[in-house]
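Got the viewer open and a cartoon view loaded? Let's walk through this one selection at a time.

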Amino acid sequence: MKSVAAGVAASHPATARAGLRILESGGTAADAAVAAVLACCVAETVYTGLGGGGFATFYDARTREVTCLDFFVAVPGLDRDRDASAMVAVDVFFGGLAQTYSIGGASVAVPGVPAGLGEVHRRWGRLPWPEVVAPAAGLARTGVLLPDAHARTLESCAPALAYGEGAALYQPGGRLLQGDELLYHPGLATTMEVLAGEGPEVFYTGAYGKLLVDTVRAAGGAIGPADLAAYRVESVPVDQAPLAGYRVHARHDLNRTVDTIGALPADLSRPARAPGVASALVNRGLQRLGDTTNVSVVDEAGNACVITTTLGLGAGVWLPGLGINLNSMLGEGELLTDDLVPGERMSSYMCPLVVTGPAGELAVAAGSAGASRIRTALVDTLLGVLVDGLSVPEAIARPRFHAVEDTVHVEAGYPAAELAALSGAGWQIVEWPEINHYFGGVTAVGRTGAAGDPRRGGVGLLL
């Protein structure tokens with residue numbers, strides 16, 4: 001059976017090129033994924049950054065083992081010397097509806113991206129750390145062009161992204177950046193150079209850590225030195241589920257993606273499967289924005305590394321002189337559980353995954369952006385590749401649906417026969433006029449190619 005070609009899939013051309021450059025230099029999938037995520041922190045700052053958190057899934061081709069790492073944000077408060085002040089409410093328009101989010105210093109949780117990328121590199125990297133950071137540092141020196149899809153996200157998220165110091169970056173002269181205009185973060189190149197020289201620890205126990213504490217506390221947040229010093233990347237259990245003769249491997253996320261795959265109907269033929277798939281994927285409650293991004297990489301040895309990261313909307317709290325916006329995860333209402341214990345991780349929908357064949361060989365490496373739509377986007381893509389016989393680019397680009405309560409939202413061009421099956425099963429149908437970033441942002445590398453999601457300006461590049 002055909003093996004998976006080496007390649008990179010990401011949500012920005014510059015991000016994908018950064019990862020491919022590292023593969024061309026002899027780096028592993030982990031090296032390339034780390035380089036690509038660092039590039040995300042320059043090129044995709046409407047979605048992510050060094051002040052955020054994330055998750056990684058790694059497939060080892062030699063042992064055929066899968067490992068999931070949690071470097072999502074942690075709840076602050078270990079120092080017990082500071083209570084956070086009130087958050088700042090902003091209204092963001094999504095799907096034509098105003099939704100209220102909370103940003104500001106009190107919304108900032110303990111970042112995990114620097115530590116997480118360092119741990120991925122420590123475990124599975126081959127190239128020297130400075131060489132892995134170099135592509136992002138180069139991008140930060142020049143800035144990058146903002147893709148049209150990212151500009152549309154910026155328009156939705158402007159009340160948060162263009163808040164405070166962000167206004168000069170995303171809305172210079174009072175006008176939002178448009179597609180193909182330069183996105184540049186002053187100070188970020190120097191930050192990347194310091195990260196290359198001193199390592200991720202600079203954000204936790206070094207000079208940048210002290211600056212982070214002082215900045216967040218000045219803005220009304222509660223992060224303290226103990227929160228940063230105690231932060232550790234965690235290896236978490238790997239869930240598995242069968243799908244069409246393959247096995248899907250991923251962490252246990254807030255939407256129980258792997259459990260959902262295991263509960264899909266036995267008959268996966270189209271259009272008969274549509275009502276059963278919708279029932280398995282149904283979501284409850286208000287559907288929020290998904291400011292997230294994903295990188296999927298496979299190297300020539302067949303190792304795979306998938307990393308999903310996010311800032312939330314971004315707190316609008318910038319580290320002075322560093323070009324870094326901090327996360328707003330404590331202001332993301334759907335992620336707030338009753339047990340927010342200082343030092344513990346927050347919950348997340350993010351679900352980077354790999355799919356293996358009958359002998360444990362790699363078949364697909366994939367992840368997605370999109371909050372509660374992550375599960376929907378990943379399941380639809382996997383059904384496209386593993387069941388419907390589509391190539392990776394075809395499976396990602398085709399129209400999707402997303403089920404909420406008793407309603408199925410569908411993108412333009414969704415097959416009429418499946419819509420009829422859904423309607424006949426009692427679902428209400430809302431047809432969207434276009435392919436829309438609401439429906440997630442998958443990036444994947446598989447036996448039939450590599451692709452990023454056109455909904456997010458994505459691209460796939462093969463070695």
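What follows is a short tour of a predicted model, going from its sheet to the helices and then to the cores.

**Stop 1: the sheet.** Colour the strands β8-β3-β2-β12-β11-β1-β22; in that order they make up an open sheet of 7 strands with antiparallel pairing. Now look at the edges, where you'll find β8 (234-236) and β22 (459-462). Each has a single partner strand, so one side of each is left without a neighbour in the sheet. On average, neighbouring strands here are turned by 15° against each other, direction ignored.

**Stop 2: one edge up close.** Select β1 (residues 7-10) along with β22: the two pair in the antiparallel sense over 4 bridges. Which residue of β22 stands opposite Gly 7? Click on Leu 462, and you have it.

**Stop 3: the helices on the sheet.** Show α2 next, which lies across β2 (53-60), β11 (292-298) and β12 (304-310) and runs at about 155° to β11. Then add α3 (residues 113-124): this helix lies across β2, β3 (65-71), β8 and β12, at about 155° to β3.

**Stop 4: the cores.** Turn on side chains for Leu 38, Leu 50 and Met 192, the residues with the most contacts inside the largest nonpolar core, which has 89 residues. Helix α2 (residues 29-43) gives this core its largest share, 14 residues. Zoom in on Met 192 and pick out what it touches beyond four places away in sequence: Leu 38, Cys 41, Val 42, Leu 50, Val 133, Ala 136 and Ala 137.

Last selection: Ala 109, Val 277, Ala 377 and Leu 386 are among the 53 residues of a second, separate core.

Technical notes:
Residues are numbered from 1 along each chain as its sequence is written. This is a predicted model: local features need pLDDT of at least 70, side-chain atom pairs count only at pLDDT 80 or more; totals for chains, interfaces and linings use all residues. Side-chain values use heavy atoms; hydrogens and water are left out. A nonpolar core is a set of buried Ala, Val, Leu, Ile, Met, Phe, Trp, Tyr and Cys residues joined through side-chain atoms within 4.5 Å. Buried means under 20% relative accessible area, exposed over 50%, partly exposed in between (1.4 Å probe, protein chains only). Contact means heavy atoms within 4.5 Å. Two strands pair if DSSP finds at least two bridges between them. Axes are lines fitted to C-alpha atoms, for helices over the stretch in contact, and angles run from 0 to 180 degrees between N-to-C directions.
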